[in-house]
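Colleague: Could you take me through the metal site in this one, slowly, and then show me how the surroundings fit around it? I'd like one connected account rather than a list.

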Amino acid sequence: MNSIRKLLVVILASISMTGFAVAKQQPNIVVIFADDLGYGDLGCFGHPTIATPELDRMAQEGMKLTQFYSAAPVCTPSRAALMTGRLPMRNGMCSNKRRVLFPDSALGIPEAELTIAEQLKSAGYATACIGKWHLGHLPPYLPTSNGFDSYFGIPYSNDMDRVADTPKGREAFWNPKVEYWNVPLMRNEEIIERPANQTTITRRYTEEAVSFIREHKEQPFFLYMPHSLPHVPLFRGKKFAGKSRRGLYGDVIEEIDWSVGQVLETLRKHNLDDNTLVIFTSDNGPWLIFNDHGGSAGLLRDGKGSTWEGGMREPTVAWWPGTIPAGSVSAEISSTMDIYATAHDIAGIDLPNDRELDSINLMPILTGGKGDRETYFYYRGYRLMAIRHGSWKMHFMTQNAYGQPQPVTHEVPLLFNLDVDPSESQNLAEKHPEIIEKLTAIAKEHMDSAEPAPSQLETRIMAN
Ligand code: MG
């Protein structure tokens, strides 16, 4: 009898221990993704007149990642890579002809892709996408068909669906009015407003995000918050009008900064801060051709559309109090694609093993150690433009920023040591033929083994 009682005690104890382990929730994951934000546009990344106290505090409580890259210098392929942990050429979300999806695009992210949201949903996470999607605006491609329980936002860029009688060319952007762009605002699969009132959009994304966190505080959640700004045309709420010394662009960034503060404050308020990873970054560099309506890449060269550092290196802050060392800085090479493997690790699920991934787990970096990424590939469409290995970057081809009237393409290998020369101003190709040889070999091996998928960006909706 005694031994049976002892056995019962042991069984009950182990049940309660298991119960305790299960009760410890999987950590939440929040990704805040700006659109066309430059490397030099945040206070904590050195901007002298744009005030970003919330992001600065986030960096003080977390980690700045100074060599964190997007997978492409424009919207659609960059987002596809974040969602899938794969280079855009592997899932066809790129093209050498049309660089992004448009309102007449017939396709979107292929169904066979396993998005980060689908993976986390299968692991019991509540999932929401709040903001600009840009991976297909037709029902089979919307966030709700790609693992998100809910969606609130615009399906493509805020400068699309331009109304015919707006001022010509870039004129419309210098004094933007909401009615110039007939962009839809969607809730799940329905259009709820058109044109979307872009002056209130950052505030409304924020309110949606705060509600989502509040409603799902009892279960693990994944919140993907791709802001539609500071992509031009620029809009901000009344409260932020004229607030920044940097003008309209600064106002827009300061409203996004406020929004980040609201999200972090909500996490603190519900005691979720020590169980939530928040990553803030951008999809590509600043759109320099828009003068003061575009941002700044700081000390980096060029911007959106180019594979110079300014096109793809993003101002990135990671926050997870108690896990990420406060006030830390990492110069390890890392990428938006790495959020995929990191999320799998955090959720305790296996990575898919039936496909090529380009994702490494960021947790060793985020906890103050070294990362596993030594090499980075810079693509424009299907063209491998440049490769980075360690501190060395070699360009096979360069092209000036997206939209330049006369892009210059040349096939001269250029070599820079990014640790010494992040501005890519001193070509060391002649001095280091051995590095050229090594990087060429790595690139060749990558290209020989890569299997590009057919482009999903070139098919248009057939006109009736
Ligand atoms: Mg963008």
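**The magnesium site and what surrounds it**

Modeller: Sure, and let me start with the whole chain, because its 464 residues set the expectation: a compact globule of that length would have a radius of gyration near 23 Å, and the protein has 22 Å, which agrees. Keep in mind that this is a predicted model. The C-alpha trace spans about 90 × 55 × 50 Å along its principal axes, and the fold is built from 12 helices and 16 strands. Buried residues account for 59% of the 464. If you take contacts between residues at least 6 apart in sequence, 70% of them join residues at least 24 apart. On the outside, the accessible surface comes to about 18900 Å², with 53% of it belonging to carbon and sulfur atoms. As for charge, there are 45 positive and 55 negative ones, and their mean positions sit 3 Å apart.

Now the site itself. The magnesium ion has five protein donors to go through: Asp 35 and Asp 36 through OD, Cys 75 through SG, Asp 283 through OD, and Asn 284 through OD1, at 2.1 to 2.6 Å from the ion. Written as a sequence pattern, the donor residues are spaced D-D-x38-C-x207-D-N. The pair Asp 36 and Asp 283 links distant parts of the chain, 247 residues apart. Asp 36 is in the loop between strand E1 (28-34) and helix H2 (53-61), while Asp 283 is in the loop between strand E9 (276-282) and helix H9 (309-312). Both of these count as buried: Asp 36 because its relative accessibility is 2%, and Asp 283 because its relative accessible area is 0%.

The cysteine donor, Cys 75, brings us to helix H3, where Cys 75 is among the buried residues. H3 covers residues 75-84, and 10 of its 10 residues are buried, so the helix is largely enclosed by the rest of the structure. Besides Cys 75, the buried residues of H3 include Arg 79, Thr 76, Ser 78 and Thr 84, along with Pro 77, Leu 82 and Met 83. What covers them includes E1, helix H4 (88-91), helix H5 (116-122), E8 and H10. Right after H3 comes Gly 85, with a positive phi near 70 degrees.

H10, one of the elements covering H3, is itself mostly covered. It runs over residues 338-347, and nine of its 10 residues are buried. Those include Asp 338, Tyr 340, His 344 and Ile 346. H10 is followed by Gly 348, whose phi is positive, near 75 degrees.

E8 is also part of the cover on H3, and it leads to a backbone detail you may want to check. Most residues other than glycine have a negative phi, and most peptide bonds are trans. The peptide bond from Leu 229 to Pro 230 is cis, with omega near 5 degrees, and Pro 230 lies in the loop between strand E8 (221-226) and helix H8 (248-269). There is a cis bond between Arg 194 and Pro 195 too, with omega about 0 degrees; Pro 195 is in the loop between strand E7 (190-193) and helix H7 (201-215).

On the phi side, Asn 271 has a positive value of about 55 degrees although it is not a glycine. Asn 271 is in the loop between H8 and E9, and E9 is the strand that precedes the loop holding Asp 283. With a relative accessible area of 62%, Asn 271 is exposed. His 134 has a positive phi as well, about 65 degrees, and is not a glycine either. His 134 is in the loop between strand E4 (126-130) and strand E5 (150-153), and at 1% relative accessibility it counts as buried.

That last loop runs up to E5, where Ser 150 is located. Ser 150 counts as partly exposed, at 27% relative accessibility. Leaving out residues up to four places away in sequence, Ser 150 touches Thr 127, Ala 128, Cys 129, Thr 144 and Asn 188. Ser 150 and Val 163 are 13 residues apart in sequence, yet their C-alpha atoms are 29 Å apart in space.

Key: Residues numbered from 1 in each chain as written. Predicted model: local features only at pLDDT ≥ 70, side-chain atom pairs only at ≥ 80, totals over all residues. Heavy atoms only, no water. Helix = DSSP H or I, 4+ residues; strand = E, 2+ residues; numbered from the N terminus. Rg over C-alpha atoms; globule rule 2.2 N^0.38 Å. Buried < 20%, exposed > 50% of the residue type's maximum accessible area, 1.4 Å probe, protein only. Contact = heavy atoms within 4.5 Å. Areas by Shrake-Rupley, 256 points an atom, 1.4 Å probe, with all protein chains shown as cover. Lys, Arg positive; Asp, Glu negative; His and termini not counted. Charge placed at Lys NZ, Arg CZ, Asp CG, Glu CD. Donors = N, O, S within 2.8 Å, 3.2 Å for Na, K, Ca; no water.
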